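Subject: Handover of a structure and notes on its contents

Dear colleague,

Please find the structure below, followed by an account of what was found in it. I would be grateful if you could read the notes with the coordinates open.

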Amino acid sequence: MPGRPDTALPGPGSPAAAPAVLPPRPPRPGIPMVEGTIDGIRVSVPRGTTLLEAARLCGIEIPTLCHHEGLPAEGSCRLCVAEIRGQLAVSCMFPLRDRDFRAETGSPAVMDARRYVLSLLVNRAPKAPRIARLAEEYGVAPDPRFMKDPDGCIRCGRCVRACRANGPEAIALAGRGFARTVTGPFRKPPEDCIGCLACALSCPTGKIAFSEKAGTRKIWEREFELAPCPECGARVFTREQIGFYGGQASAVCPSCRRRLMATELRKAAAYEAPGGPLLLKSV
Ligand code: SF4
Ligand code: FES
């Protein structure tokens, strides 16, 4: 069924659909709650919660491409449209403010709008698996008349926001219309890139290519040396990344960091237990 492609969350009507009346979300201090229905499911959320968040709380999955929970919303792909007060709204950017709101995520108008948006996106990135899957679900095919050198980028800016959130701000969207593209300053390989892969891993189409071989990582036409983890020797972070975040602490690879933290927690628990200091020897 179209409209449920991104996660395994159940939708309305599916066997494991959310209950028709949801327990209200815990209020945030000083923020009033607003109540309404989404696809007939009653929900109560703190004022300002986006329609997308509220729908997900109801177990209703709205397809998204440019949205990422860890990044500021930008509303650039327009795929997450829903209907509220008889109007189409971009759900990832639409804050619920009114009492008794009533929203629909699968009305004929929503489906038509989503199909139209997908028909544009699939021309830009016909080979991106996620977009190809959505296009198939919604019965949308690429139209060769509008496929002007599909380069696999839908200009959603997620890579740029991920790079900004990580700190370097090495890339940006430059230009207009079909010439708009993600690039470094002056359309050159970004000098401030630290090779962290935030852009590539957050891209919904897989447009940003990178490779790793023999202790080096290549991305944005640049080559980075990967520093060995001081615990296990695995090469995960680039030297530029470690330097950017201030030295040695982040040089320990994620799995060693988890192991070291678990050891520390076990030590703390043993210390607290009866006869603690003796138990510590076995940790
Ligand atoms: S490269 Fe990927 S994340 Fe960046 S704008 Fe293009 S599609 Fe979006
Ligand atoms: S996910 Fe909402 S506009 Fe892209």
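In which sense do S3 and S5 pair, and over how many bridges? The two strands pair in the antiparallel sense, over two bridges. Here helices (H or I, at least four residues) and strands (E, at least two) are DSSP runs, numbered from the N terminus, and two strands pair if DSSP finds at least two bridges between them.

This is a predicted model, in which local features need pLDDT of at least 70 and side-chain atom pairs count only at pLDDT 80 or more, while totals for chains, interfaces and linings use all residues. Residues are numbered from 1 along each chain as its sequence is written, and chains are lettered from A and ligands numbered from 1 in the order in which they are written.

Overall composition

The protein contains eight helices and 11 strands. Of its 283 residues, 30% count as buried; a residue is buried if 20 or more other C-beta atoms lie within 10 Å of its own, exposed if 12 or fewer, and partly exposed in between, with C-beta atoms placed from the backbone. Among the contacts with a separation of 6 or more, 49% come from residues 24 or more positions apart. Two residues are in contact if their C-beta atoms, placed from the backbone, lie within 7 Å.

The five-stranded sheet

S3 and S5 belong to an open sheet of five strands in the order S2-S1-S5-S3-S4, with mixed pairing. Its edge strands are S2 (41-46) and S4 (87-90), each of which pairs on one side only. From one strand to the next, the twist averages 35°; axes are lines fitted to C-alpha atoms, for helices over the stretch in contact, and angles run from 0 to 180 degrees between N-to-C directions.

Several pairings can be followed residue by residue. Strand S1 (residues 33-38) pairs with S2 in the antiparallel sense over six bridges, and glutamate 35 has serine 44 in S2 as its bridge partner. S3 and S4 also run antiparallel, joined by four bridges; valine 81 is matched there with valine 90 in S4. Two residues lie between the strands in the hairpin of S3 and S4, where arginine 85 takes a positive phi near 50°. Between S3 and S5, the bridge partner of glutamate 83 is glutamate 104 in S5.

Helices H2 and H3

Helix H2 (residues 108-124) lies across S3 (81-84), S4 and S5 (101-104), and runs at about 155° to S3. H2 also packs with helix H3 (residues 129-137), at an angle of about 140° and with the axes 10 Å apart. Leu118, Leu121 and Val122 of H2 meet Ile131, Leu134 and Ala135 of H3 in this contact.

Glycine 152 and helix H4

Glycine 152 is placed in the loop between H3 and H4. Why does glycine 152 count as partly exposed? It does so because it has 16 C-beta neighbours inside 10 Å. Its C-alpha atom is separated by 3.9 Å from that of alanine 125, although the two are 27 residues apart along the chain. Leaving aside residues up to four places away in sequence, glycine 152 touches Ala125, Lys127, Ala128, Thr205 and Lys207.

In helix H4 (residues 158-166), the buried residues are Arg158, Cys159, Val160, Arg161, Ala162 and Cys163. Their cover includes strand S6 (172-174), strand S7 (181-183) and helix H5 (198-202). Glycine 167 follows H4 and has a positive phi, near 120°.

Surroundings of ligand 1

Ligand 1 is surrounded by 13 residues, of which the closest are Cys153, Cys156, Arg158, Cys159 and Cys203; a residue is near a molecule if its C-beta atom, placed from the backbone, lies within 6 Å of it.

The four-stranded sheet

A further open sheet has four strands in the order S8-S9-S10-S11, with antiparallel pairing. Strand S8 (210-213) and strand S11 (235-238) are its edges, each pairing on one side only. Neighbouring strands of this sheet are turned by 35° against each other on average, direction ignored. Within it, strand S9 (residues 216-219) and strand S10 (residues 222-228) run antiparallel and are joined by four bridges, with isoleucine 219 opposite arginine 222 in S10.

Yours sincerely
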